[in-house]
Amino acid sequence: MRLAEALKLAAPQQAAQQRRVELLCGFEPLHLNTFVKAYLRQRFPSDAIVTSTGLYGDLEGNIQRSSGKSEGAVIVIEWSDLDPRLSFRNAGGWVLAALKDIAQEAEERAKRLETAIAAVSKTQPVVVVGPTLPLPPLTHYAPMQASVLEARLTSLCAGMEERIAGMQGVKLVSRSAIAMASPAGERHDLKMELQTGFPYTLAHADQVASAAVSCLFPAGVKKGLITDLDQTLWKGILGDAGVAGVSWSLEAKSQVHALYQQLLASLAESGVLLAVASKNDSSIVAAAMKRPDLLLPSESFFPVEASWEPKSEAVERILKAWNVSADSVVFVDDSPMELAEVSERHPGVECLQFFPDNPSAVLSLIVTLRERFGKEAIRQEDALRASSLRAAAAMDEERTAQDSGDFLERLRAKVRVEETDGDDARAFELVNKTNQFNLNGRRFTKAEWKERQTEKGSFLLGVSYEDRFGPLGRIAIVGGRVDGNTAEIDVWVMSCRAFSRRIEHATLRAVFSRTGAERIVLDFTMTDRNGPLQDFVQEVSATPKISSGKILITREAFIGACPTLFQEVTEGWTDSKKN
Amino acid sequence: MDGLQEKLAHCFSLAFPDLPAAEISTASAESIPGWDSMAQVTLLSLIGEEFGIDIDFEAFEGATSFQSIVERLKEMGVDG
């Protein structure tokens, strides 16, 4: 982005909602501040963007003085923050005595910065950018040779960054991503630094701001990837070459397909749904998928759609099996024709081409897929996602042959409902990504979510489930406030994988139990996508037609409307927790 | 306004978004309260980007009006 465009985007706007971000650095923030505001505005076009900065030359103090009440903080560290003599604006000396002192000072300051960053991250999300500028030529070594001081400072910085990357609530901007976007020799504007205190070229400031904002506020993560097989998952045409004839190895000059399979294996491990859409004979596909040298288990793919029908129809069936919207899915194929056909029928699906003869393009595709599916933490529920879908399909097949009540009784279902809190990352994830069973569609920033839990009378429960088809992990969150004998629920979400098991009934019963309330009031808002929750609320409130607003459910009415529940329920709170 | 002045006016409109277009050609640090040293740096950075030239801030010291900046640019051989 050019400065001119950034200034236009960064110009003050009137808007109903303000988004406050702190930009904390030791240098004059100048154009970096402009670019950060611009990227925030691009990310949140309807918000009024407000950034606050700190004092020149005092990064540690700026972090300590952070209000902790913004939507996030971008902390940019440069060498001069570890020792002012590492700045070109300082004339503290490049003699031997100074160099030894610099190394020691840098170690102490790095420790203090880590402590300050850990403290500020407790109340707001933080992104850290480590030093990106070159060190001054302050040692007696020829420039092509790294001095001991340079190696020591680089090692110190690497250790600091490693610890920062592992801190809860802190994200570290990738050094290699910055290196790809901003060549090292084009980052430093010495003239600007000497004249104004701002050390970056415009291009580098742009890249740092872009990386920081996209780390702090990542775009929505996709949920599923549908892949073609021939010339995509493997080299060769299965129908011509046979099961043994397709390849994915260095020896067979088809290593790019191995790289792609490795990526899919990694995505599956992190909970991404994988499916196949291939124009092929289904029996030969089944045989090929059983090859023991495939780099990911064939069970990772569900469903596997192999037929001679248009791929858009396969995609349609896959979306239905997954119960996800098209805009949360990516389709990968080597054929531009197939991509165009799917894109026309499913414009929400992102269609990306696999170029089997262009390794650079394959690497670029892999990086793009990492961007689409990248997430910070892999949870137990991620590993269960694909298998739970497969189990749900098996369950549905069995259910159609039996009476619903009998079927649920034979599930041997176990529900665990336990108290949780604002630090529960899975709860925060569920609340912010669930659409269909969602009481009011409300989303929360981390700061808002934590604050919510500190209000008087508040409660927050997490629900986990398993049955004879397997565990689903933590699949629902319900929360609210208790006042006397009334509990108001203002947060209630449940994963769509958990439908049709009467878990929502068990959850409501647990809320009555946990709160001791005689009345529950649901703070309900109708959205485009929460139809499943609307049906449930109608059922238990015995209201023929519900609308947005407060919906009352008495204990007596619930007991009357609730169907038989067969789950074995365990509760994870003490009696003293009841309000 | 010639081409140089039009491009410069565009830079002024970005650096000082509240400045009415009609007042740009007579704008100066005396007439615009927000024209401080950092605004000067932003304006000169925009000029460098717009005209594709390397700006020496010290060479523009004292050039704190639209007209004086026009003169300075012409002295540097910059045209629209």
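# A guided tour of chains A and B

Let's start where the two chains meet: between chain B and chain A there are two salt bridges. Keep in mind as you click along that this is a predicted model.

**Stop 1: the meeting of the chains**

Select Lys191(A) and Asp54(B) and show their side chains. These two meet in a salt bridge, with 3.4 Å from N to O. Next, colour helix H2 of chain B, residues 37-51. On the side of chain B that touches chain A, this helix gives the most, with seven residues. Sorted by class, that side of chain B has six nonpolar, two polar and five charged residues.

Now widen the selection to everything that touches. You should find 13 residues of chain B in contact with 13 residues of chain A. Which residues of chain B lose the most area to chain A? They are Leu14(B), Met38(B) and Glu49(B), and together they account for 41% of what that side buries. The size of an interface is often given as the accessible area lost when the parts come together. Here, chain B and chain A bury about 1300 Å² between them, and 64% of that is on carbon and sulfur atoms. If you like to look for polar contacts, seven residue pairs make them across this interface, counting pairs with both residues at pLDDT 80 or more.

**Stop 2: a sheet in chain A**

Hide chain B for a moment and turn to chain A. Pick out strands E1 to E5 in the viewer. What is the order of the strands in this open sheet? Reading across, it goes E2-E1-E3-E4-E5, with parallel pairing. At the edges you will see strand E2 (47-52) and strand E5 (170-172), each of which pairs on one side only. On average, neighbouring strands here are turned by 20 degrees against each other, direction ignored.

Zoom in on strand E1 (residues 17-25) and strand E3 (residues 72-76) of chain A. They pair in the parallel sense over five bridges. A handy place to centre the view is Val21(A), which stands opposite Gly72(A) in E3(A).

Then add two helices to the picture. Helix H6 of chain A, residues 148-165, lies across strand E4 (126-129) and E5, and runs at about 140 degrees to E5(A). Helix H9, residues 202-216 of chain A, lies across E1, E3, E4 and E5, running at about 150 degrees to E4(A).

**Stop 3: another sheet in chain A**

Move along to strands E6 to E10. They form an open sheet of five strands, again with parallel pairing, in the order E8-E7-E6-E9-E10 of chain A. Why is one side of E8 and of E10 left without a neighbour in the sheet? Both stand at the edges and have a single partner strand each, so one side of each stays unpaired there. Neighbouring strands of this sheet are turned by 20 degrees against each other on average, direction ignored.

Inside the sheet, select E6(A) together with strand E7 (residues 273-279) of chain A: the two pair in the parallel sense over four bridges. Leu225(A) stands opposite Leu274(A) in E7(A).

This sheet has helices lying across it as well. Show helix H13 (residues 311-322) of chain A, which lies across E6, E7, E8 and strand E9 (329-333) and runs at about 155 degrees to E7(A). Then show helix H14 (residues 336-345) of chain A, lying across E7, E9 and E10 and running at about 175 degrees to E10(A).

**Stop 4: a link along chain A**

Over all chains, the count comes to 35 salt bridges. One to select is the pair Lys222(A) and Glu350(A), whose side chains meet with 3.8 Å from N to O. Lys222(A) sits in the loop between H9 and strand E6 (224-227) of chain A, while Glu350(A) is in strand E10 (residues 350-353), so the pair ties together parts that are 128 residues apart in sequence.

**Stop 5: two backbone details**

Finish with the backbone. Going from Phe302(A) to Pro303(A), the peptide bond is cis, with omega near 0 degrees. You will find Pro303(A) in strand E8 (residues 301-307) of chain A. Lastly, click on Leu30(A) in helix H2 (residues 30-43) of chain A. Leu30(A) has a positive phi of about 25 degrees, although it is not a glycine.

How values were computed: Residues are numbered from 1 along each chain as its sequence is written. Chains are lettered from A and ligands numbered from 1 in the order in which they are written. This is a predicted model: local features need pLDDT of at least 70, side-chain atom pairs count only at pLDDT 80 or more; totals for chains, interfaces and linings use all residues. Side-chain values use heavy atoms; hydrogens and water are left out. Two strands pair if DSSP finds at least two bridges between them. Axes are lines fitted to C-alpha atoms, for helices over the stretch in contact, and angles run from 0 to 180 degrees between N-to-C directions. Contact means heavy atoms within 4.5 Å. Buried area is the accessible area (1.4 Å probe) that two parts lose on being put together, summed over both. A salt bridge is a side-chain nitrogen of Lys or Arg within 4 Å of a carboxyl oxygen of Asp or Glu. A polar contact is a pair of N or O atoms within 3.5 Å; within protein, one must be able to donate a hydrogen and the other to accept it, and residues adjacent in sequence count only if both atoms are side-chain atoms. Ala, Val, Leu, Ile, Met, Phe, Trp, Tyr, Cys and Pro count as nonpolar, Asp, Glu, Lys and Arg as charged, and the others, Gly among them, as polar.
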